[in-house]
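Grab a pencil and work through these exercises with the model open beside you. Each one comes with a solution in small steps.

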Amino acid sequence: MASVKKRSPLWEYFDISSENKKLALCLLCNVNISRGGEGKKAGTSAMKNHLKSKHPDEFSALNKDKNAVEPTTVSIAIAGTSSSSVAKKQLTMTESYERKLLWDINDTKARKYHYLVAEMIALDNEPLSIVERTGFTRLLEQALPRYKLPSRTYITQKIVPDMYDRIYEKIKRNISSAFGYFSDI
Ligand SMILES: [Zn+2]
């Protein structure tokens, strides 16, 4: 299977001649083309030249397919040139600009979301690692570009104990007011 994949795309238009393995049969015009040898010694240059001169449409179609894959290679090549330093500089500028726009971890707006995240973890029984998950962080980056998710340590050591205290106080207040209600009867 793997050897088929490695084959030149030229084989789309050729077949090895059944009479002579040193020859390739052009499927478009039934002409035998020399492969220059057999097995590893065989080459595809004669086949390529044949296709190029006799079947230019098929030849350009093959090259078009090849070009479809090339943009990746091109962008990699650009990244390797001196223009990459310019791109890097721009990226750093954008990064620092965005960093300036990020809410501080103690910002009231940020804290509101810290609690919502912690509540989501508790209510939906999510693992704390959700704050490190790619999909979730991507969603938040898009929805709240100025918000940066705190680490799981921050959530466990700051947000959760604080939430616990708040809930504890609230329950305590509710219970005492309930007792107050009963004692009034
Ligand atoms: Zn041909």
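**Exercise 1.** Which residues form one aromatic cluster?

*Solution.* The cluster is made of Trp103, Tyr113 and Tyr147. Before going on, note that this is a predicted model, where local features need pLDDT of at least 70, side-chain atom pairs count only at pLDDT 80 or more, and totals for chains, interfaces and linings use all residues. Residues are numbered from 1 along each chain as its sequence is written, and side-chain values use heavy atoms, with hydrogens and water left out.

**Exercise 2.** Find the aromatic pairs, and describe how Trp103 and Tyr147 meet.

*Solution.* Start with the rule: rings of Phe, Tyr and Trp (its six-membered ring) pair if their centres lie within 6.5 Å; planes under 30 degrees apart are stacked, over 60 edge-to-face, and the rest tilted. Searching the whole structure this way turns up four aromatic pairs. One of them, Trp103 with Tyr147, is tilted, at 6.5 Å centre to centre and 55° between the planes. Next, place the two residues: Trp103 sits in the loop between helix 4 (83-101) and helix 5 (108-123), and Tyr147 in the loop between helix 6 (134-143) and helix 7 (152-184), 44 residues apart. (Helices are DSSP runs of H or I, at least four residues; strands are runs of E, at least two; both are numbered from the N terminus.) Trp103 and Tyr147 are both buried, where buried means under 20% relative accessible area, exposed over 50%, and partly exposed in between, using a 1.4 Å probe and protein chains only.

Now try Tyr164 and Tyr168: this pair is stacked, with 6.1 Å between centres and 15° between planes. Tyr164 counts as exposed because its relative accessibility is 55%, while Tyr168, at 46%, is partly exposed.

**Exercise 3.** Which atoms coordinate the zinc ion?

*Solution.* Look for donors, meaning N, O and S atoms within 2.8 Å of the metal (3.2 Å for Na, K and Ca); water is not among the atoms, so sites may look incomplete. You'll find Cys26 (SG), Cys29 (SG), His50 (NE2) and His55 (NE2), at 2.0 to 2.2 Å. Their angles run from 103 to 116°, so the arrangement is tetrahedral, a label that needs four donors with all angles between 85 and 135 degrees. Finally, Cys26 lies in strand 2 (residues 23-26) and His55 in the loop between helix 2 (45-54) and helix 3 (56-80), so the pair ties together parts 29 residues apart in sequence.

Note on methods: Four donors count as tetrahedral if all angles lie between 85 and 135 degrees; four count as square planar and six as octahedral if opposite donors are over 155 degrees apart and all others between 65 and 115; anything else is irregular.
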